Amino acid sequence: MSSPKNITELQIGENAVIGEFSNCHVACKLMAMGLLPGSSISLMRKAPFGGAYYIKAKNHYVALRSNEALSVLLSPVL
Amino acid sequence: MSEALQKIALLGNPNAGKSSLFNQLTGLRQKVGNFPGVTVERKSGFIKLDDKREVEIIDLPGTYSLYPTSLDERIAVNALIDVNNKDYPDAIIYILDVTHLERHLLLLTQIVDLGFPVLVALNMNDIAAQQNIQCDEKKLSEALGIEFIKINGRTGEGIDIIKSKLPQLLSDNKTGVRTSSFYELAVDEKNIAAKVGALLPVKNEYHALLLAHHSKKINFLKEDKKQQLLGIVQQNNFNPINNQLDEIMQRYNKFTPIVNTVLSRSFNNARTLTDKIDFVITHKFFGPLIFFALMLFIFQAIFAWSVIPMDWIDQQFANLATYLQTVLPNTILSRLLTEGLIPGISGVMVFVPQITILFLLITLLEEVGYMARAVYMFDNIMQKFGLNGRSIVALISGGACAIPAIMSTRTISNWKERLITIMVTPLISCSARIPVFAVLIGFIIPSFKIGPFNSQGLVFMVLYLIGITAALIASYVFKKILKSEEFSFLMLELPEYRKPHWKNVFYTLYEKVSSFMFGAGKIILMVSLVLWFLASFGPKKAMQEAVNVATIESSLLHADKQTTELLIASKKLEASYAGYAGRLIEPVIKPLGFDWKIGIALITSFAAREVFVGTISTLYSIGKNADNMTIKQKLQQEKNAEGKSVFTMAVALSLVLFYLFAMQCMSTLATVYRETKSWKWPMIQFAYMTGTAYIVSFVVYQIFK
C-alpha cells in the first residue's frame, strides 16, 4: 500500500476529498476556515513562482503553502 | 443616576461584511484609536437606541475562531475572555455570511457558549440568491436558540431591525443567552475548568477551559495568577491542541445537520465568476504581468493625475498670501500669517490629492478581493527574502505611507517575518517623498514624451524600483541575521470577487485623509511655523550686523534698491537661528554636495519628509517678493557665493537618493517603537537607512559633480 496522496500531488483541475491532516496546527486553522475531513476540494492553480497551492472547496477558496498542502492527506479514491 | 456606557461588540469571520455593518450602524460617528498597548486599530462608534440610551459599538478584528493565529485575532479573543478588559462587551452582534453559513457557525457557537447575549446579522442574502442558496432563518433561530436577522450591509436593509432589537438584547432578562452549551466538555476538561474557575473570575465552564487553553499566551493576568494557571494546566496534562481539534469537530458535528435542514442549495459545477476571473488574474504568466501593470498604473495615477489639483491648491494659497500681503500692514503678525501659516497649511493641503488617489486605488484592490491574490502569488518569492506573502500588502501600502503599512503587518503571525517587514517597509517610497522628488526631478531630467509615458514619470518609476530593490536586499540581510523557530504559515482565504462597496471605500478614504490632515498635518504645520520663526529671527546683535554689512556692501556696489533688499534679506537669513543650525551640520553634509540651506531642510524634514519642500520654499522666499513663483523657478535662480547654481544635476541626484534611503520620518520611528515595544529596532532602522543614504549620496555626488 502506498501512503495516501496529498494536495501537492494533485493535477490542476483534479478533484479529491480530504481524508485527514498530518499536522494539528494546520488542521485547526483549516477546519476553522471550513476545510474538514470529508470536504471535497479541487486544485485550481499552483502559484506563478511555485511554493503555493490554490484550492477550491464548495464555494470557498484557500491558498496554502507547500508544507501545508503536504499535510492535507486525501481519501483514497473508491 | 449615571449608568456606565454599555458596549456592544461587532464580531465575525474575515470577509463577512463586518465593516459595512459597522459603517451602516454608526455612520460618521466613528472614533479610531488603538487597542491598549498595541497599534491594532480600534474602531468604535456611538449610537442612540430607541429607548434614548447611548451605547458604544466596538468593531473587533475579524477571526475564524476563539483560537487566534495572529495578533489582531488575539486582540478580539482577549476582549472576549478577559472580564476586566476595557472592551469586554455586554452583548455581541455577530455578522454572518449566509453563503458560508456552516463555517461561520463555528465562532458563533463559541461566543454563545461564552455566555454572551448574541444577535446574529445574516448578511449576503443577495449573493446567496444568485448562487441559488436559500436559508430559512426562522428555522435556524429555532434550532440554535439565537435570533437571526436578515440584513444587507450594502443597502442598509435590516439595520433598523437590528437597532430596534438592541435594547432588549442589553436588558436583564437575558434574551439571546442560551441555557445549554453547544460544546460538551469531556470529564478531564470539566476537571480543569473547575480548578480554573476557583482561581479566576469566569462566566462558565467553557470560559474557564478557554483560559486554560490560552494560558501560555495570556498577557492580561497578574504574574502570580498566571503561574497558578500554568500550574493547573501542567498538573492535569492538558493538551491544548488536541482539545481544540476535538472541540471544533464536536461543534461541526452538532451544527452541520442543522445547516443541512435550513439551507437549500443546488451546487452546480459550473464555473463561478471568481473561477473565471482567477483563471486570468492568477495565471502563471499573466498574473504577475497584471500585477505589475496595476502597480505601474498606480504610479502614473499618483504622478500624473494628481498634478492638476495639486497645482491648483498651490496656486490658490499663493494667491491668498500675495493678496493679504498687499492688503495687510507689514507687521510681524501679518508676516506670520503670509510667510509662516499660509505656506504651512498649503504644504499640508497640497498632499491631499495624492493621498486620496493612492488610498482610493489600494482600498479598491482590497475591497474587490485582489490583494489576497497578490499575497498568494508572491508568497514564495517573499519567503526567499525572509518575508511573508502578507508582507506584499505592507510593501504596497508603504507606497502611500509607512505608518499604516507598518500597522498592517499585524496580520503576519510569525514574529521574524513581521519584524523584517516592519524594518524594510520605510524603504518603499512613500507619498511624502513624492513632493521632494517632484521638486528635484526637474533638475535631473527635462519633461518629454517617451511613447505614452512622460520622461519624469519614468524616472519616478525607476526611483520606486530602486526603493523596492533596496527593501528586498535589506530583507535578505535581516533574514540571514535574525533567528527564529516560530511557526510560519500562509493558509489564506481568497475571498470571492465582489463589487466594491463604495460606502466602505468612502469611509476608509475619509478616515485616512483626515488622519493625515489632522495627524501628520499638525506636525507639518507646527514645523513650518517653528521654521519661519528660526529663519526670521536671530541673535539681535548678529542680525543688526548683517543689515549693516549688507548696506555697506551694496553701497560699494552702487546697487539699486531691489538688489540691496535682497542682499539684506540673505545676510539676515545667514545670521538667523536657522542659519546657525544649517552651518553646524554643513561640514558633515558638504561631501554630499549639500550647503547649509539644504542642511536646514534636512533637519526640519525629519519631522516629515515633505517638510523639505516647505522649508526650501520658506528659506528662499523670505524677504523676497517671490511667494507666487513656483519653487522650481526659485531654486534655479539660487546661486552660491561664487555665483554658481546651487541646484545642479549632481546635487539634485544626491538629494533625491538621500531622501530615497534615509529614515527621515520621526512618525514612522515612533510607530516602529510602538509595534516592536523597544527602542532597539527603530534605532537600528534609523542607523542602517540613513547610513546607506549617506554612502549612496556621497558616491553619486562625487561621480557626477
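Two strands are said to pair if DSSP finds at least two bridges between them. The structure described here is a predicted model, and this criterion is applied first to chain A. Strand 1 of chain A, residues 15–21, and strand 2 of chain A, residues 40–46, pair in the antiparallel sense over three bridges. Within this pairing, Val17(A) has Ser40(A) of strand 2 as its bridge partner. Strand 1 of chain A also pairs in the antiparallel sense with strand 5 of chain A, residues 72–74, and three bridges are again found. Here Phe21(A) of chain A is joined to its bridge partner Val72(A), which belongs to strand 5.

Strand pairing also links the two chains. Strand 4 of chain A, residues 60–65, and strand 12 of chain B pair in the antiparallel sense over three bridges. One of the partnerships concerned is that of Ala63(A) with Leu492(B), the latter lying in strand 12 of chain B.

The contact between the chains involves 50 residues from chain B and 34 residues from chain A. Together the two chains bury about 3,600 Å², and carbon and sulfur atoms account for 63% of this area. On the side of chain B, Lys284(B), Tyr376(B) and Met491(B) supply 20% of the area buried against chain A, more than any other three residues.

Polar and charged groups also meet across this interface. Four salt bridges are counted between chain B and chain A. In a salt bridge between Lys29(A) and Glu73(B), the N to O distance is 3.8 Å. In addition, 21 residue pairs are in polar contact across the interface of chain B and chain A, with both residues of each pair at pLDDT 80 or more. The elements of chain B that each supply at least two residues to the side touching chain A are helix 3, helix 10 (240–262), helix 11 (273–281), helix 16 (370–384) and strand 12 (492–494). Of the elements of chain B, helix 16 gives the most to this side, with eight residues. By class, the side of chain B that touches chain A comprises 22 nonpolar, 16 polar and 12 charged residues.

Attention now turns to the interior organisation of chain B. Chain B is divided into domain 1 (6–170), domain 2 (187–261) and domain 3 (538–575). The C-alpha centres of domain 1 and domain 2 of chain B lie 23 Å apart. Contact between these two domains of chain B takes 25 residues from domain 1 and 23 residues from domain 2. The area buried between domain 1 and domain 2 of chain B is about 2,300 Å², of which 64% comes from carbon and sulfur atoms. Within domain 1 of chain B, the residues that lose the most area to domain 2 are Tyr67(B), Ile81(B) and Glu102(B), which together give 30% of what that side buries.

One salt bridge is found across the interface of domain 1 and domain 2 of chain B. Asp113(B) and Arg251(B) form a salt bridge in which the closest N and O atoms are 2.9 Å apart. The interface between domain 1 and domain 2 of chain B further contains 12 residue pairs in polar contact, both residues being at pLDDT 80 or more. On the side of domain 1 of chain B that touches domain 2, two or more residues are given by each of helix 2 (71–81), helix 3 (101–113) and helix 5 (137–144). Helix 3 of chain B gives the most to this side of domain 1, with eight residues. The residues on the side of domain 1 of chain B that touches domain 2 are divided into 15 nonpolar, four polar and six charged. Helix 3 of chain B is thus listed for the contact with domain 2 and also for the contact with chain A.

Note on methods:
Residues are numbered from 1 along each chain as its sequence is written. Chains are lettered from A and ligands numbered from 1 in the order in which they are written. This is a predicted model: local features need pLDDT of at least 70, side-chain atom pairs count only at pLDDT 80 or more; totals for chains, interfaces and linings use all residues. Side-chain values use heavy atoms; hydrogens and water are left out. Domain bounds come from an automatic or database domain assignment. Contact means heavy atoms within 4.5 Å. Buried area is the accessible area (1.4 Å probe) that two parts lose on being put together, summed over both. A salt bridge is a side-chain nitrogen of Lys or Arg within 4 Å of a carboxyl oxygen of Asp or Glu. A polar contact is a pair of N or O atoms within 3.5 Å; within protein, one must be able to donate a hydrogen and the other to accept it, and residues adjacent in sequence count only if both atoms are side-chain atoms. Helices (H or I, at least four residues) and strands (E, at least two) are DSSP runs, numbered from the N terminus. Ala, Val, Leu, Ile, Met, Phe, Trp, Tyr, Cys and Pro count as nonpolar, Asp, Glu, Lys and Arg as charged, and the others, Gly among them, as polar.
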